[in-house]
Amino acid sequence: MKAVITGSGFESAEWGEVAAEHSVTPVLGEPSSRILEIKSGQDSFFWLRRHGEQGELAPHRINYRANIQALAELGVTQIISVNSVGGISAGFDAGVLAIPDQIIDLTWGRESSFYDGDYLPLKHIDFTNPYNQQLSEALKQSSGELGLSFASPATFACTQGPRLETAAEIKALASLGADIVGMTAMPEAALARELDITYAAICPVINAAAGLTEGLLDEAEMRAQAAVMIDSVQKLIQKSLLNLAAQ
Ligand code: HPA
């Protein structure tokens with residue numbers, strides 16, 4: 001079974017027929033939202049809203065472990081994640097869909113492992129390639145088929161938030177090799193890997209990162225850019241799910 005986890009600006013996505021609604025409460029707590037089962041062709045997928053149903057949950061307050069555990073309990077083996085991001089390097093302008101292959105994790109204080117020695121005994125998973133290559137390829141192929149402009153590979157710098165970055169932080173992230181910056185790639189991607197769930201992401205670039213444009217960052221403008229991109233993100237997800245089902 002597949003799942004889609006969407007981020008801020010994508011709470012109001014209309015997917016079509018809801019086949020079922022699941023309220024799962026795993027031992028590690030409440031997931032961010034109800035999990036809706038959406039009909040997609042002959043298939044269906046689960047949809048979870050990472051920031052809650054109204055987008056009210058801050059990135060550092062999300063119970064990422066509960067989210068991933070809930071999906072695992074429903075039998076999910078593949079996750080397509082949507083994370084809105086700011087663009088840092090050339091080719092990652094607002095309006096582009098980035099499909100990342102790497103992560104630099106700068107988050108702190110988040111419950112970031114199932115294998116923390118309390119819930120499960122300590123274990124160090126391999127995370128050399130944080131995103132699943134095959135699933136990422138399926139996203140790229142589907143983007144191509146839909147004529148959407150995507151940018152890949154991409155290194156995702158994950159910051160703590162909820163504040164946006166300083167201009168100097170973005171300069172530093174650029175020199176570290178980051179192409180895009182967002183707040184929710186981690187620990188989600190690592191938790192999925194810990195449970196052997198295949199995970200890949202679509203990252204709509206909704207603004208130029210701090211200090212890279214003349215003005216200051218404006219949340220309303222970022223939301224407006226996300227709204228413009230909802231349609232293509234949804235089409236891409238639906239096409240990818242169809243292509244994956246046919247594989
Ligand atoms: N920085 C961090 N997270 C983001 C940004 C950004 O510029 N845009 C969207 N999410």
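## His51 and its surroundings

His51 is buried, with a relative accessible area of 6%; buried stands for under 20% relative accessible area, exposed for over 50%, and partly exposed for values in between, using a 1.4 Å probe and protein chains only. The model is predicted, so local features need pLDDT of at least 70 and side-chain atom pairs count only at pLDDT 80 or more, while totals for chains, interfaces and linings use all residues. Residues are numbered from 1 along each chain as its sequence is written, and side-chain values use heavy atoms, with hydrogens and water left out.

The loop between β4 (43-49) and α1 (64-73) holds His51. Helices (H or I, at least four residues) and strands (E, at least two) are DSSP runs, numbered from the N terminus. Leaving aside residues up to four places away in sequence, His51 touches Gly7, Ser8, Glu11, Glu56, Leu57, Ala58, Pro59, Ile62 and Thr184, where contact means heavy atoms within 4.5 Å.

## Asn83

Asn83 sits in the loop between β5 (78-82) and β6 (85-87) and counts as buried at 1% relative accessibility. Its side chain makes a polar contact of 3.0 Å with the side chain of Thr184. A polar contact is a pair of N or O atoms within 3.5 Å; within protein, one must be able to donate a hydrogen and the other to accept it, and residues adjacent in sequence count only if both atoms are side-chain atoms.

Thr184 also appears among the residues that Asn83 touches, not counting residues up to four places away in sequence. The others in that list are Arg50, Phe156, Ala185, Ala201, Ile202, Cys203 and Pro204.

## Ligand site

The residues around the ligand are Ser84, Val85, Gly86, Leu164, Glu165, Val181, Gly182, Met183, Ile206, Asn207 and Met222; a residue is taken as near a molecule if one of its heavy atoms lies within 4 Å of it.

Nitrogen atoms of the ligand have polar partners in the protein. A backbone N or O atom of Ser84 lies 3.3 Å from a ligand nitrogen, and a backbone N or O atom of Gly86 lies 3.2 Å from a ligand nitrogen. From Glu165 the partner is a polar side-chain atom, 2.7 Å from a nitrogen atom of the ligand. Taken alone the ligand exposes 260 Å², of which the protein buries 94%; accessible areas come from the Shrake-Rupley method with a 1.4 Å probe, and for residues only the protein chains shown count as cover.

## Salt bridges

Ten salt bridges are present in the structure, each a side-chain nitrogen of Lys or Arg within 4 Å of a carboxyl oxygen of Asp or Glu. Arg34 pairs with Glu21, with the closest N and O atoms 3.0 Å apart. This pair links distant parts of the chain, 13 residues apart: Arg34 is in the loop between β2 (18-22) and β3 (35-40), and Glu21 is in strand β2. Arg34 is partly exposed at 31% relative accessibility. Glu21, Arg34 and Glu53 are linked in a network of salt bridges.

Glu145 and Lys239 form another salt bridge, their closest N and O atoms being 3.5 Å apart. Glu145 lies in helix α2 (residues 133-146) and Lys239 in helix α5 (residues 219-246), so the pair ties together parts that are 94 residues apart in sequence. Both residues are partly exposed, Glu145 with a relative accessible area of 43% and Lys239 with 27%. Within helix α5, Asp231 and Lys235 are four residues apart, about one turn of the helix, and their side chains meet in a salt bridge (2.9 Å, N to O). Asp231 is partly exposed at 45%, and Lys235 is partly exposed at 45%.

## Cysteines

Zero disulfides are found in a search of the whole structure, a disulfide being a pair of cysteine sulfur atoms within 2.5 Å. For Cys158, the nearest cysteine sulfur is that of Cys203, 9.9 Å away, which is too far for a bond. Cys158 is buried at 0% relative accessible area, and Cys203 is buried at 0% as well.

## Backbone geometry

A cis peptide bond with omega of about 0° joins Ser152 and Pro153; Pro153 is in the loop between β9 (150-151) and β10 (155-158). The peptide bond from Met186 to Pro187 is also cis, with omega near 5°, and Pro187 falls in the loop between β11 (180-182) and α4 (188-194).

Asp196 is not a glycine but has a positive phi of about 60°. The residue lies in the loop between α4 and β12 (198-208) and is exposed, with a relative accessible area of 68%.
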